[in-house]
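Hi everyone, thanks for making time. I'd like to walk you through one model today, so let's get it up on the screen.

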Amino acid sequence: MTPTRRQFGATVLTVSVAGCLTGEPGTGFDEGDTTEASTADDTEDEPDETTQQVVEDLDERGLAVQSTTTTEHAIQLTVQTTGDNHSDIEIAAGAFATLRNSEPTGDHDLRVRVEDRGLGEGRFRIEAAWARGFLDDELSDSEYRTLIADTRRE
């Protein structure tokens, strides 16, 4: 029997974030380039089942996905902002936790580029280990979202 897993809460998190989009280590995106470089292991035209699952969940939650790239280590998405940075993070955090709950052995991180009508607004990432920690009650709602918000770059 697997341990009971927690549902992602709807607590609102207020976090002050600052940063620079280009050249920031750990963002998972290239130096401000708006197109992702593809390798033979990347898929862009037809997302794999895992990527498609997170895309559908994000769309249902109100965070419209514009494009996807799946690499060996991450699912990279470009999304249309909801208009609120905290909501963007909260929606992505919930969808990614749901994905990790359905595929607990998955090791892809989630990297999100947020746009507003095609203009870059920011980027953040969610590590698979954070989602698993949240689901296993090792991280609270606010701790999980704070880890994510701390990666946000404008």
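Let me start with a puzzle: leaving aside its neighbours within four places in sequence, which residues is R100 in contact with? Keep that in mind while I say what we're looking at, which is a predicted model.

On confidence, the protein chain has a mean pLDDT of 77, with 71% of its residues at 70 or more. Residues 1-44 are where I'd pause: the pLDDT there is below 50, though the stretch still has 84 contacts in the model beyond near neighbours in sequence. As for the elements, helix 4, residues 141-149, has the highest mean pLDDT at 97, and strand 4, residues 119-126, has the lowest at 90.

Okay, back to R100, which is found in helix 2. Its partners are T50, G106, D107, H108, A128, A131, R132 and L135. And it's an arginine that counts as buried, because its relative accessibility is 1%, under the 20% cut-off.

Now the helix pair. Helix 1, residues 49-61, and helix 2, residues 85-102, have axes that come within 9 Å and cross at roughly 140°. That angle is why helix 1 is called oblique to helix 2. The crossing is right-handed.

Who makes the contact? From helix 1 you've got T50, Q53, V54, D57, L58 and R61. From helix 2 it's I91, A92, G94, A95, T98, L99, R100 and S102, so our arginine turns up again here, as part of the contact with helix 1. Sorted by type, the contact residues come out as six nonpolar, five polar and three charged.

Definitions and conventions
Residues numbered from 1 in each chain as written. Predicted model: local features only at pLDDT ≥ 70, side-chain atom pairs only at ≥ 80, totals over all residues. Heavy atoms only, no water. pLDDT = per-residue confidence, 0-100. Helix = DSSP H or I, 4+ residues; strand = E, 2+ residues; numbered from the N terminus. Contact = heavy atoms within 4.5 Å. Axes fitted to C-alpha atoms, helices over the stretch in contact; angles between N-to-C directions. Parallel < 35°, antiparallel > 145°, perpendicular 65-115°, else oblique. Left-handed = near helix turned anticlockwise from the far one by under 90°. Nonpolar A, V, L, I, M, F, W, Y, C, P; charged D, E, K, R; others polar. Buried < 20%, exposed > 50% of the residue type's maximum accessible area, 1.4 Å probe, protein only.
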